[in-house]
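Trainee: Could we go through this structure together? I should like to begin with one helix and then turn to the charged pairs.

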Amino acid sequence: MCATSLFPRQAGPLELRLPDSEEIEQLLQWRNHPDVWRWLIHTKVDPDEFRKQWLDGRDDPKKHSSIAVLDGEVIGIADVWISDGMGQMHVDDGAWRNDEAGIGYLLDPAHTGKGYATEIARALLEIAFEDLGVRRVTAGCFADNIASWKIMEKVGMRREQHGVQDSWHAELGWIDGFTYGILADEWRASRG
């Protein structure tokens, strides 16, 4: 399944959709701001490469990126990507193939603290479990990125790993990292 078949869709008051060229320019207005990339692994982006990735990646069956739009303004990015789970590799078509997804979300700093990232994370879990049919979803963050891991907990994910000084941060040096996860059955049960 490619991204064009997953979007547009609602995420609370936000619309998740594929961006046009003008909306990519809106993203670039805030994407390289230090408040945005402070807690990212991929910090600053090259604008030309950023544009190319957005426009060329629409048909990738394993990566589904969208923008979050509020009242016509691009305020966020929502990513879900498919990967193989851990499994014994001697079985070519093992159940672990394409059974896991990762999610990521990013907001314009002018729109943080309003619940929008939580709405995006909920929508990404729905895409992963309902549309893409994965068995498990994970997300990671620096342990010091409290806002991010609180969002993961709000949407029902559990902390599965606390890596002690496993993550390099350019300003802080070696710091702890967290990995969160949730299974499809757990997600469905939490929805009532």
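Mentor: We shall discuss a helix and then some salt bridges, bearing in mind that this is a predicted model.

Trainee: Which residues of α5 are buried?

Mentor: In helix α5, residues 146–154, the buried residues are S148, W149, I151 and M152. They lie on the same side of α5, because they cover an arc of only 150 degrees around the axis.

Trainee: And what covers the buried residues of α5?

Mentor: The cover includes the strands β5 (100–107), β6 (136–142), β7 (158–169) and β8 (173–183), together with α4 (116–131). On the other side of α5, A147 and K154 are exposed.

Trainee: What phi does G156 take, just after α5?

Mentor: G156 takes a positive phi of about 95 degrees.

Trainee: Changing topic, how many salt bridges are there in the whole structure?

Mentor: A search finds 17. One of them joins the side chains of E25 and R51, at 2.5 Å from N to O. E25 belongs to helix α1 and R51 to helix α3 (residues 47–56), 26 residues apart.

Trainee: With which residue does D99 form a salt bridge?

Mentor: D99 pairs with R135, and their closest N and O atoms are 2.5 Å apart. D99 lies in the loop between β4 (73–83) and β5, and R135 in the loop between α4 and β6, so the pair ties together parts that are 36 residues apart in sequence.

Trainee: Is D99 buried or exposed?

Mentor: D99 counts as buried because its relative accessibility is 7%, under the cut-off of 20%. R135 is partly exposed, at 45%.

Trainee: Which residues are linked in a network of salt bridges?

Mentor: The network links E100, R136, R158, E160 and E186.

Definitions and conventions: Residues are numbered from 1 along each chain as its sequence is written. This is a predicted model: local features need pLDDT of at least 70, side-chain atom pairs count only at pLDDT 80 or more; totals for chains, interfaces and linings use all residues. Side-chain values use heavy atoms; hydrogens and water are left out. Buried means under 20% relative accessible area, exposed over 50%, partly exposed in between (1.4 Å probe, protein chains only). Helices (H or I, at least four residues) and strands (E, at least two) are DSSP runs, numbered from the N terminus. The arc is that of the directions from the helix axis to the C-beta atoms. Contact means heavy atoms within 4.5 Å. A salt bridge is a side-chain nitrogen of Lys or Arg within 4 Å of a carboxyl oxygen of Asp or Glu.
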